[in-house]
Amino acid sequence: MPQLRPEDLSADERDALGRIHRHEAVADPLRLGLQARGLIEQRQGSWVLTNDGSVLLATLGLAKLDE
């Protein structure tokens with residue numbers, strides 16, 4: 001799968017990545033779309049960012065990667 005760029009996501013999808021990072025609710029269609037792109041996954045009943053999702057979020061400037 002080609003590497004996603006920030007401009008490949010809609011404004012709603014970019015917002016949803018930030019909301020998932022903050023453990024806030026996200027509408028099912030957005031969540032399923034992000035899951036299909038491999039940016040989020042469900043772990044122990046919670047939705048979390050995958051490594052690709054974290055990198056993309058950091059690229060968007062919405063969060064910092066852990067050092």
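In this predicted model, Gln-44 sits in the loop that links β1 and β2, and that loop is a good place to start a tour of the protein. The secondary structure amounts to three helices and two strands, arranged along the sequence as α-α-β-β-α. Of the 67 residues in the protein, 28% are buried. Among contacts with a separation of 6 or more, 41% are between residues 24 or more positions apart.

**Loops and positive phi values**

- Gln-44 has a positive phi of about 50 degrees, although this residue is not a glycine.
- With a relative accessibility of 85%, Gln-44 counts as exposed, because the cut-off for that class is over 50%.
- His-23, in the loop between α1 and α2, also has a phi worth a look: its value is near 60 degrees, which is positive in a residue other than glycine.
- The position of His-23 is just after α1, and at 64% relative accessibility it counts as exposed.
- For context, most residues other than glycine have a negative phi.

**A pair brought together from afar in sequence**

- Ser-46 and His-23 are separated by 23 residues in sequence, and their C-alpha atoms lie 8.2 Å apart in space.
- Ser-46 belongs to strand β2 and, at 36% relative accessibility, counts as partly exposed.

**The nonpolar core**

- Twelve residues form the largest nonpolar core: Leu-9, Ala-16, Leu-17, Ile-20, Val-26, Leu-34, Leu-39, Ile-40, Trp-47, Leu-49, Leu-56 and Leu-57.
- Two or more residues of this core come from each of α1 (11-21), β2 (46-49) and α3 (51-60).
- The biggest contributor to the core is α1, with three residues.
- In soluble globular proteins, nonpolar side chains tend to be buried together.
- Ile-20 is a handy residue to follow through the core: leaving aside residues up to four places away in sequence, Ile-20 touches Val-26, Leu-34, Ile-40, Trp-47, Val-48 and Leu-49.

**Helix α1 and its neighbours**

- The buried residues of α1 are Glu-13, Ala-16, Leu-17, Gly-18 and Ile-20.
- These buried residues pack against α2 (28-36), β1 (40-43), β2 and α3.

**How α1 meets α3**

- Two packed helices are described by the angle between their axes and the distance between the axes.
- For α1 and α3, the packing angle is about 115 degrees and the axes are 10 Å apart.
- That angle makes α1 roughly perpendicular to α3.
- The two helices, α1 and α3, cross in a left-handed sense.
- On the α1 side, the residues at this meeting are Arg-14, Leu-17, Gly-18 and His-21, while α3 brings Gly-53, Leu-56, Leu-57 and Leu-60.
- Leu-17, Leu-56 and Leu-57 are thus named both in this helix pairing and among the residues of the largest nonpolar core.

**Thr-50, between β2 and α3**

- Thr-50 lies in the loop between β2 and α3.
- The relative accessible area of Thr-50 is 10%, so this residue counts as buried, the cut-off being under 20%.
- The Thr-50 side chain reaches the backbone oxygen of Gly-38 at 2.7 Å.
- Not counting residues up to four places away in sequence, Thr-50 touches Gly-38, Leu-39, Ile-40 and Glu-41.
- Two of these partners, Leu-39 and Ile-40, are also listed in the largest nonpolar core.

Note on methods: Residues are numbered from 1 along each chain as its sequence is written. This is a predicted model: local features need pLDDT of at least 70, side-chain atom pairs count only at pLDDT 80 or more; totals for chains, interfaces and linings use all residues. Side-chain values use heavy atoms; hydrogens and water are left out. A nonpolar core is a set of buried Ala, Val, Leu, Ile, Met, Phe, Trp, Tyr and Cys residues joined through side-chain atoms within 4.5 Å. Buried means under 20% relative accessible area, exposed over 50%, partly exposed in between (1.4 Å probe, protein chains only). Helices (H or I, at least four residues) and strands (E, at least two) are DSSP runs, numbered from the N terminus. Contact means heavy atoms within 4.5 Å. A polar contact is a pair of N or O atoms within 3.5 Å; within protein, one must be able to donate a hydrogen and the other to accept it, and residues adjacent in sequence count only if both atoms are side-chain atoms. Axes are lines fitted to C-alpha atoms, for helices over the stretch in contact, and angles run from 0 to 180 degrees between N-to-C directions. Angles under 35 degrees count as roughly parallel, over 145 as roughly antiparallel, 65 to 115 as roughly perpendicular and the rest as oblique. A crossing is left-handed if the near helix is turned anticlockwise from the far one by less than a right angle, and right-handed if clockwise.
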